[in-house]
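Biologist: Please put the model up, and I will ask about its sheet, its helices and its charged pairs.

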Amino acid sequence: MIYDICIVISLERRKDRAERVFKHLEDRGIRNIYALPAFDGSKITPNVVKITPPNRPYFTFRDELTNLQVPYLNRFQIGCTLSHISALKFAKMLKAEKALIVEDDVEFVENISDILIDLEEEVKNIDWEHIYLGGAVRNWAQQKSVKVSEHLIKPGFTDGLQAYIVQGEGFDKLANAMLSFKTTNDDAVNDVMFRENNPLRAYMRVPKVAFQIKDFSELQRNIIDRQDLRQQ
């Protein structure tokens, strides 16, 4: 298979989400599923942990309590980043060569198992380390998406880590980029994907096959409904 294990990132206090996503994955034919307890940003004492990344003109950070613009990562962003780092490290610890990593609000298309079987065949002659199965591509002038094969593109700047596959050096490249805390975990992927020296060999499956359910976002602290991503 194109993945050895599937790692689900889920908060221990959100048992409703864990139950939903495990049933969803099993119904979709996803196998070898492992639960990874997410780092809970709500348990980080406010104003104790402060990480101030370099300024980036294309987005701003907001305090999770006041919603005011701030120069630092809020504690839920820190928790989210630590969770993805842990998932990548956990996969390596389990000796997985390839891992499917998902967040607990993921929703796959019905025929995802067949799509992953076909995708495994499609990437046989492609040197890949990371494949997005969903997300929002920002096709800025300097980073345009490029079609590589029938169902793969090299994406421009991309937001969204609800479902992705990693193999080889991709585990360490992603984990190290996130661990630098120079930006959010989503944007850390862009950093390593577009750097000049030893970039992440990243692709996206198109049409996208992973989306997010409408639910309260622990990260953004409100109800999120990203139906727009189904139209991209």
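The questions below go through a predicted model.

Biologist: In what order do the eight strands of the open sheet lie?

Modeller: The pairing in this sheet is mixed. Strand E2 (33–37) and strand E9 (146–149) are the edge strands, each pairing on one side only. Between these edges the order is read off as E2-E1-E5-E12-E7-E13-E10-E9.

Biologist: By what angle are neighbouring strands of this sheet turned against each other on average?

Modeller: The value ignores strand direction, which matters in a sheet with mixed pairing. On that basis the average turn between neighbours is 30°.

Biologist: Which residue of E12 is the bridge partner of Leu100?

Modeller: Strand E5 has E1 and E12 beside it in the sheet order. With strand E1 (residues 5–10), E5 pairs in the parallel sense over five bridges, and there Val8 stands opposite Val102. E5 and E12 run antiparallel and are joined by five bridges. In E12, Leu100 is paired with Ile165.

Biologist: How many of the residues of E5 are buried?

Modeller: In a regular strand, side chains alternate between the two faces of the sheet. On one side of E5, Lys98, Leu100 and Val102 are buried, and on the other so are Ala99, Ile101 and Glu103. Both faces are therefore covered, and the count of buried residues in E5 is six of six.

Biologist: Which residue of E13 stands opposite Leu152?

Modeller: Strand E10 (residues 152–154) is joined to strand E13 (residues 202–205) by two bridges. These two strands run antiparallel. Opposite Leu152 stands Arg205.

Biologist: At about what angle does helix H4 run to E12?

Modeller: Helix H4 (residues 170–179) lies across three strands: E5 (98–103), E7 (130–132) and E12 (163–167). Relative to E12, H4 runs at about 120°.

Biologist: How many of the ten residues of H4 are buried?

Modeller: The cover over the buried residues of H4 includes H2, E5, E7, E12 and H5. Those buried residues are Gly170, Phe171, Lys173, Leu174, Ala175, Ala177 and Met178. H4 is mostly covered, and the number buried is seven.

Biologist: Which residue just after H4 takes a positive phi?

Modeller: H4 covers residues 170–179. The positive phi just after this helix is about 50°, and the residue is Phe181.

Biologist: Asp191 and Arg56 meet in a salt bridge. How many residues apart in sequence are the parts tied together by this pair?

Modeller: The distance from N to O is 2.7 Å. Asp191 lies in helix H5 (residues 185–193), and Arg56 is in the loop between E2 and strand E3 (61–62), so the parts tied together are separated in sequence by 135 residues.

Biologist: Is Arg56 buried or exposed?

Modeller: Its partner Asp191 is partly exposed, with a relative accessible area of 28%. Buried means under 20% relative accessible area. Arg56 has 15% relative accessibility, so the label is buried.

Biologist: Lys92 and Asp172 also meet in a salt bridge. Which helices does this pair tie together?

Modeller: The bridge has an N to O distance of 3.0 Å. Lys92 is partly exposed at 38% relative accessible area, and Asp172 is partly exposed at 29%. The pair ties together parts that are 80 residues apart in sequence, since these residues lie in helix H2 and helix H4.

Biologist: Which residues are linked with Lys173 in a network of salt bridges?

Modeller: Lys173 and Glu129 meet at 3.0 Å, N to O. Lys173 lies in H4 and Glu129 in the loop between helix H3 (112–122) and E7, so this pair ties together parts 44 residues apart in sequence. Both Lys173 and Glu129 are buried. The network links Lys173 with Asp127, Glu129, Glu169 and Arg201.

Biologist: How many salt bridges does the structure hold?

Modeller: The pairs discussed include Asp191 with Arg56 and Lys92 with Asp172. For the structure, the number of salt bridges is 13.

Biologist: About how much accessible area does the nonpolar patch of Tyr34, Met93 and Leu94 have together?

Modeller: Met93 is placed in helix H2 (residues 75–93). Met93 has a relative accessible area of 57%, so this residue counts as exposed. Together with Tyr34 and Leu94, Met93 forms a surface patch with an accessible area of about 280 Å².

How values were computed:
Residues numbered from 1 in each chain as written. Predicted model: local features only at pLDDT ≥ 70, side-chain atom pairs only at ≥ 80, totals over all residues. Heavy atoms only, no water. Pairing = 2+ DSSP bridges. Helix = DSSP H or I, 4+ residues; strand = E, 2+ residues; numbered from the N terminus. Axes fitted to C-alpha atoms, helices over the stretch in contact; angles between N-to-C directions. Contact = heavy atoms within 4.5 Å. Patch = residues over 30% accessible without salt bridge, like charges linked within 9 Å, V, L, I, M, F, W, Y side chains within 5 Å. Areas by Shrake-Rupley, 256 points an atom, 1.4 Å probe, with all protein chains shown as cover. Salt bridge = Lys/Arg side-chain N within 4 Å of Asp/Glu carboxyl O. Buried < 20%, exposed > 50% of the residue type's maximum accessible area, 1.4 Å probe, protein only.
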